[in-house]
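Me: I am new to this structure and would like a friendly walk through it. Could we take it one question at a time?

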Amino acid sequence: MIEEKPDWYPMWRELGIHIEKHDELLAALPNAFKTIYIDSQINRPKNMAFWDFIVGDIHGLRVSELKKAKEEGKKVIGTFCLYIPDEIIVALDAIGVGLCGGTNFSNFASEGLLPTNICALIKSALGFGIGNVCPYFAITDLLIGETTCDGKKKAWEILNDYKPVYIMETPQCKTRPQARAHFIEELKALIIKLEEVTGKKLTADKLKNAMEKISKKRKQLKRVYNARKADPVPISGKDGLLVSQVTFYDDPDRQIEMIGKLADELEQRVKNGVGVTNKDTKRILLSGTPMAIPNWKIHHLVETKGAVIVAEETCTGTRYFQSEFEEKMGETIDDLVECLADRYLGINCACFTPNIGRKEDIIRLAKEYKADGIILYTLNFCQPYDIEAVGLEKELKKAGFPVFSINTDYSSDDEGPLNTRIEAFLEMLK
Ligand code: BJ8
């Protein structure tokens with residue numbers, strides 16, 4: 001499929017992309033993908049061909065669709081956090097694109113703008129935003145930031161010098177009634193901002209339809225994750241992660257269809273006892289900071305050592321689909337916004353305090369997915385997840401799970417020591 005790609009250069013030039021840097025990026029990605037996905041895996045589900053195509057054509061088909069939609073008058077809205085509801089964007093006939101960066105390739109553009117002790121995700125996202133190497137950034141009409149962690153909060157101020165950025169204020173203590181009330185007001189303010197940008201008026205019908213559509217996408221992804229509870233596991237952790245990563249920027253209708261087909265195949269595999277590894281392979285639950293595409297580092301290290309990652313308690317994993325709408329969503333915009341607020345406040349991100357739900361989630365998931373061990377994964381300099389990892393390690397061990405904490409970034413410099421430590425951890429698992 002990669003050989004059949006049309007010539008996308010005119011489109012990239014039109015978007016103002018830094019072609020030389022972009023070529024370097026696109027030369028590196030297929031090689032990494034081939035090593036990590038094609039050469040090191042066996043018996044992959046046949047429906048993964050769709051995701052292979054999507055990665056092979058990462059800046060092609062989808063970007064051309066976005067460009068066409070813009071020519072037809074639609075707006076493209078970039079987001080960086082799971083707390084920004086796609087439902088509102090879709091209901092206003094706009095297109096949402098999740099933009100976090102998962103590679104240090106773009107750091108050349110953010111160097112000097114940020115202190116060195118900032119997490120790799122922020123450096124990468126800011127670099128992509130400023131360096132004109134990412135057509136998804138280039139095509140957006142508006143970026144929506146949020147007040148989750150301190151690093152992101154301040155990064156939006158820098159990004160705002162290059163692109164229009166709207167900040168949504170997410171509460172810090174979400175369990176308080178006044179925090180819920182404030183979040184509802186923030187959602188309403190977001191609606192007003194997006195109405196202004198799109199030139200469209202939100203109606204209850206449009207919002208309800210969008211909520212049903214995005215909820216359907218989440219439910220299909222949940223089916224894929226549910227299949228990963230089986231032993232032998234029907235899909236690798238790498239492929240499970242890739243499916244999650246792509247949901248952030250691909251067309252929601254296509255995602256519903258393609259994830260649905262993959263889920264059908266996986267459920268059939270489970271019935272037939274077909275796996276990508278042998279039964280009784282060591283099973284790992286990974287929990288921590290999100291892994292934006294193409295961050296496949298830990299999955300590759302773990303899975304080339306004969307173990308398998310069975311789930312990710314991350315925003316590019318179970319947090320994406322875990323919390324769902326109440327059955328009765330309501331009929332008015334006010335009802336629906338409340339329903340949205342409750343669903344989104346159910347996401348257990350370390351930026352919130354207290355965040356007791358995350359510990360409960362990890363223990364529940366470790367049991368449901370029959371994990372032999374838990375890896376707590378933190379990007380260097382991510383204070384919220386790093387601090388939570390200290391307490392979580394103790395609590396999870398107390399609950400009987402072997403735990404291994406990893407602090408790392410996007411570079412390959414620490415792969416040697418990490419390999420040794422991961423090997424030692426896997427060996428001690430029963
Ligand atoms: S809901 S996890 S997507 S905030 S890794 S930038 S926290 S310093 S990404 Fe996140 Fe929303 Fe929470 Fe999810 Fe800051 Fe940490 Fe960096 Fe992070």
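Below are some questions and replies about the sheet, the helices on it, and the empty spaces in this predicted model.

Me: Thanks! In what order do the four strands of the open sheet lie?
Reply: Happy to start there. Strands of a sheet pair through backbone hydrogen bonds, either parallel or antiparallel. Here the pairing is parallel, and the twist from one strand to the next averages 30°. Strand S2 (95-98) and strand S4 (165-168) each pair on one side only, as edge strands, and the full order is S2-S1-S3-S4.

Me: Which residue of S3 does Gly78 stand opposite?
Reply: Let's look at the two strands involved. S1 covers residues 76-79 and S3 covers residues 142-146; they run parallel and three bridges join them. Opposite Gly78, in S3, stands Leu143.

Me: Which helix packs on the sheet, touching S1, S3 and S4?
Reply: Two helices are worth comparing here. Helix H9 (residues 150-159) lies across S3 and S4, at about 155° to S3. The other one spans residues 177-198, and its direction makes about 160° with that of S4. The helix that touches S1, S3 and S4 is H10.

Me: Now for the empty spaces: which residue is the charged one in the lining of the largest cavity?
Reply: The structure holds one cavity of 30 Å³ or more, and the volume of the largest cavity is about 60 Å³. Helix H7 (120-131) and H9 each give two or more residues to its lining. The lining divides into nine nonpolar residues, no polar ones and one charged. Its members include Phe80, Cys100, Trp156 and Leu159, and since Lys counts as charged, the residue you are after is Lys152.

Me: Which element gives the largest share of the lining of the second largest pocket?
Reply: This pocket has a volume of about 480 Å³. Two elements give two or more residues to its lining, namely helix H2 (19-39) and helix H14 (297-303). The largest share is six residues, and it comes from H2.

Me: And how many nonpolar residues are in the lining of the second largest pocket?
Reply: In total, 20 residues line this pocket, and those closest to its centre are Ala32, Ile36, Thr103, Pro294 and Tyr410. By class, the lining has two charged residues and eight polar ones. The nonpolar residues number 10.

Terms used
Residues numbered from 1 in each chain as written. Predicted model: local features only at pLDDT ≥ 70, side-chain atom pairs only at ≥ 80, totals over all residues. Heavy atoms only, no water. Pairing = 2+ DSSP bridges. Axes fitted to C-alpha atoms, helices over the stretch in contact; angles between N-to-C directions. Contact = heavy atoms within 4.5 Å. 1 Å grid on protein atoms, 1.4 Å probe; cavity = no way out; pocket = protein on both sides within 12 Å on 5 of 7 lines; lining within 4 Å. Points joined across faces, edges and corners; volume = space filled by probe spheres on them.
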